Amino acid sequence: MEAPRLAHTMGSPTSPCEEVIKNLSLEAIQLCDRDGNKSQDSGIAEMEELPVPHNIKISNITCDSFKISWDMDSKSKDRITHYFIDLNKKENKNSNKFKHKDVPTKLVAKAVPLPMTVRGHWFLSPRTEYTVAVQTASKQVDGDYVVSEWSEIIEFCTADYSKVHLTQLLEKAEVIAGRMLKLSVFYRNQHKEYFDYVREHHGNAMQPSVKDNSGSHGSPISGKLEGIFFSCNTEFNTGKPPQDSPYGRYRYEIAAEKLFNPNTNLYFGDFYCMYTAYHYVILVIAPVGSPGDEFCKQRLPQLNIKDNKFLTCDEEDGVMVYHHAQDVILEVIYTDPVDLSLGTVAEITGHQLMSLSTANAKKDPSCKTCNISVGR
């Protein structure tokens, strides 16, 4: 079985016919549009019609690949030498009309047994909606092609990063994590109104909420995992949390052992940057057996709480000791409610640095430090 080897950007099949590159050769062919209109100088021969693909099925979808199959009439089926696949990102009606549109991708593949695998991180992104249509083709001795009409248009959505992809991100994050520094508390900054609301409407307990879409586009926790964000980084010279924060002037601090202990599991969630020199690592702490723990166990790489490059918890002389990585900013998600009575709330003396907020922040797709060779 042979998958398409090369994607070449060109106009959509509803536009005038344009050039496509087959595999790695420079052999040019012409495609007709989805309405079957062939250009007079297209180089596509007029012969007996080839079968039109129908009943298209998409399966085995990952973040950067899928399998495609279809049915077709047996008439002239033995003449088919190639498949033309038109793949486009589904248009977002709410997108900025002035933004440059994604150029559609045409794929050319030899006629292999179906289902056929379409794979390519250069034209497939994770968690993205696409449309796809297919036509069959027969290459003639003079190099021209006979083509069928276009099939119906099918929609599908690519998947999130798998554990394999996240492990690749994890390994890249480990390279720059740096040495470990001690910590004693987790902390969460918010506005005063947030804590007032928690006391009045949630019985004094901070409630998990769905994670936003910050970080890697393919992260399986974005828009799905429920949790409470905490920070744990300390200042090198004081060993205490920094006095500045992007998220509000009021800070809740809780002893590290209240959230992170042998009764919790630790997971790696993401690694990203926002067009800056510093990088973020998202970790998830989930009480053993909790719904959050079950969610992460299926989707995220689990870390040894005593031995990893980011956040550790170990016992020394009967006392729990905690360390965090110095050279990355850790964003810790705790998956259960947290009662305010377990810690303290106080106003910080520093500044509120809104420019450092990571709320819905988009990952830099060009950064070689925190990207892997799949869709961003």
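Helices are runs of at least four residues assigned H or I by DSSP, numbered from the N terminus. In this predicted model, helix 3 covers residues 256-259, and Leu 259 belongs to it. Leu 259 has a relative accessible area of 4%. Because buried residues are those under 20% relative accessible area, Leu 259 counts as buried. Leu 259 and Phe 186 stand 73 residues apart in the sequence, yet their C-alpha atoms are 8.1 Å apart in space.

Strand pairing was examined next. Strand 13, made of residues 185-190, and strand 17, made of residues 250-255, run antiparallel and are joined by six bridges. Within this pairing, Val 185 has Ala 255 of strand 17 as its bridge partner. Strand 17 also pairs with strand 25, residues 343-347; this pairing is antiparallel too and involves five bridges. Here Tyr 252 is bridged to Val 345, a residue of strand 25. Strand 17 is thus a partner both of strand 13 and of strand 25.

Several backbone features were also found. The peptide bond between Leu 114 and Pro 115 is cis, with omega at about 5 degrees. Pro 115 is placed in the loop that links strand 7 (105-110) to strand 8 (116-119). A positive phi of about 55 degrees occurs at Asn 55, although this residue is not a glycine. Asn 55 is part of strand 4, which spans residues 54-59. The relative accessibility of Asn 55 is 37%, so this residue counts as partly exposed. Asp 317, likewise not a glycine, has a positive phi near 55 degrees. In contrast to the strand position of Asn 55, Asp 317 lies in a loop, between strand 21 and strand 22 (319-325). Its relative accessible area is 82%, and Asp 317 is therefore exposed.

Asp 317 also contributes to a negative patch on the surface, together with Asp 314, Glu 315 and Glu 316. Asp 314 is located in strand 21, residues 311-316, whereas Asp 317 is in the loop between strand 21 and strand 22. The relative accessible area of Asp 314 is 31%, so Asp 314 is classed as partly exposed. Membership of a patch requires over 30% relative accessible area, a condition that Asp 314 meets because its value is 31%. Asp 317, at 82%, meets this condition as well.

Note on methods: Residues numbered from 1 in each chain as written. Predicted model: local features only at pLDDT ≥ 70, side-chain atom pairs only at ≥ 80, totals over all residues. Heavy atoms only, no water. Patch = residues over 30% accessible without salt bridge, like charges linked within 9 Å, V, L, I, M, F, W, Y side chains within 5 Å. Areas by Shrake-Rupley, 256 points an atom, 1.4 Å probe, with all protein chains shown as cover. Salt bridge = Lys/Arg side-chain N within 4 Å of Asp/Glu carboxyl O. Lys, Arg positive; Asp, Glu negative; His and termini not counted. Charge placed at Lys NZ, Arg CZ, Asp CG, Glu CD. Helix = DSSP H or I, 4+ residues; strand = E, 2+ residues; numbered from the N terminus. Buried < 20%, exposed > 50% of the residue type's maximum accessible area, 1.4 Å probe, protein only. Pairing = 2+ DSSP bridges.
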